[in-house]
Amino acid sequence: MHSRLLAGLAAALLIGSPATPVFADQPKVAAAAHQRVLPLQGGQNFRDLGGYKTASGRTVRWGVLFRSGSMHFLTPADYAYLGKLGIRTVCDFRDTRERATEPAQWPSGKAPRVFFDDYALDASVLIPASASGVPTAAEAQAAFIKFYPQLLQTFNGQYRRMFGELLAGRVPLAFNCTAGKDRTGVAAALVLTALGVPRATVVEDYALSNRYFDPTKVVRSSSGSAAAFAKLPPDVMRAYLAADPRYIEAVFAAMDAHKDGVDGYLRDELGLTSANRRLLVARYTR
């Protein structure tokens, strides 16, 4: 497979495919009184991070912190619903091409403040060397396990900005990428961890993308990449599309290796002092 085509394919793999992977062990959805997944006609993996218990016995507040995939397919009724939630801030982690291909259409005069960076997503690490030219499922999984910790560094500035908005109290806040599972998955792990949510719960939240990411809600800008993707063996497609717990656990392993572990990482790399952490806990848990 030509390297340029495979590179385009690797980027496409981050944002969707014709099939949805399913993991056997998935946490149950929250009770109807507080819906984990928002009731949106065109939502893409749009979820409330409320309701999770922290190690100290507190609970993350509902209706304040949201994670999502692309908001391109939201309908007028969806925007009206989000308007009632009062979302003030959106941190959009998508690259320049993704945002151009799948723009969000917030109603005039009611749009939240949207933060983003112009950049081109580098998915080269997702192209493992393979004698056949097509990676095996094991090679694809290994590539993602290597890729995920790199997101911490690549998106450090954007994650810092997200925490800055949270510390400033400009909420409700939503953050998103295209699928709402990779860049967004790392962001959610950082937020929940900063609030004191146990790691096992954070991993469960991450794995929910296996249930709620809908690959049919993806606009493809490269027919060549889509065609190449369709030829991949099913197990390879599942490896690329899955929210495999091992991927997010690789992020935790990288933070564990930092001086003073995860707490030290949040302090040194994201600027979250002990006072900052206490403020986040006071504001976003109860």
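Tutor: Two strands count as paired if DSSP finds at least two bridges between them, and with that in hand we can read the sheet of this predicted model.

Student: What makes strands S3 and S5 a pair?

Tutor: Four bridges join strand S3, residues 89–92, to strand S5, residues 173–176, and since a pair needs at least two bridges, S3 and S5 qualify; the two strands run parallel. As one example of a bridge, Thr89 has Leu173 in S5 as its partner.

Student: Where does this pair sit in the sheet, and in what order do the strands come?

Tutor: The sheet is an open one of five strands, with mixed pairing, and its order is S1-S2-S5-S3-S4, which places S5 next to S3. Strand S1 (47–48) and strand S4 (113–115) stand at the edges, and because each has a single partner strand, one side of each is left without a neighbour in the sheet. The protein as a whole has 13 helices and five strands.

Student: How do you know which parts of the model to read with care?

Tutor: The average pLDDT of the protein is 87, and 83% of the residues score at least 70, but over residues 17–32 the value stays under 50. Where pLDDT is low, the predicted coordinates should not be read in detail. The model does have 30 contacts beyond four places in sequence for residues 17–32, and these call for the same caution.

Student: Why is Arg94 called buried?

Tutor: Buried means under 20% relative accessible area, and Arg94 has 2%, so Arg94 falls within that class. Arg94 lies in the loop between S3 and helix H3 (96–101), and, leaving out residues up to four places away in sequence, Arg94 touches residues including Ser70, Asp117, Tyr119, Asn176 and Arg183. Across the protein, buried residues make up 52% of the 286 residues.

Student: What makes the approach of Arg94 to Glu102 a polar contact?

Tutor: A polar contact needs a pair of N or O atoms within 3.5 Å, one able to donate a hydrogen and the other to accept it. The side chain of Arg94 reaches the backbone oxygen of Glu102 at 2.7 Å, and because that distance is inside the limit, the pair counts as a polar contact.

Student: How do you know that Asp205 and Arg67 form a salt bridge?

Tutor: The nitrogen of the Arg side chain must lie within 4 Å of a carboxyl oxygen of the Asp, and the closest N and O atoms of Asp205 and Arg67 are 2.8 Å apart, so the pair meets the limit. This pair links distant parts of the chain, with Asp205 in helix H7 (residues 199–207) and Arg67 in strand S2 (residues 65–68), 138 residues apart. Both Asp205 and Arg67 are buried, and together with Arg47 they are linked in a network of salt bridges. The whole structure holds 13 salt bridges.

Student: What covers the buried residues of H7?

Tutor: The buried residues there are Thr201, Val202, Val203, Asp205, Tyr206 and Ala207, and their cover includes S1, S2, helix H4 (137–154), helix H6 (183–194), helix H8 (209–212) and H11.

Student: Why is Arg199, also in H7, called partly exposed?

Tutor: Its relative accessible area is 36%, and because partly exposed covers the values between 20% and 50%, Arg199 belongs there. Arg199 forms a salt bridge with Asp256, with closest N and O atoms 2.8 Å apart, and Asp256 is partly exposed too, at 39%.

Student: Which class does Arg246 belong to, and what does Arg246 touch?

Tutor: At 38% relative accessibility, Arg246 counts as partly exposed. Arg246 is found in helix H11, and beyond its neighbours within four places in sequence, Arg246 is in contact with Gln141 and Ile145.

Student: What makes the link between Arg246 and Gln141 a polar contact?

Tutor: The limit is 3.5 Å, and the side chains of Arg246 and Gln141 are joined at 3.3 Å, so the pair passes.

Methods. Residues are numbered from 1 along each chain as its sequence is written. This is a predicted model: local features need pLDDT of at least 70, side-chain atom pairs count only at pLDDT 80 or more; totals for chains, interfaces and linings use all residues. Side-chain values use heavy atoms; hydrogens and water are left out. Buried means under 20% relative accessible area, exposed over 50%, partly exposed in between (1.4 Å probe, protein chains only). pLDDT is the predictor's confidence in each residue, from 0 to 100. Contact means heavy atoms within 4.5 Å.
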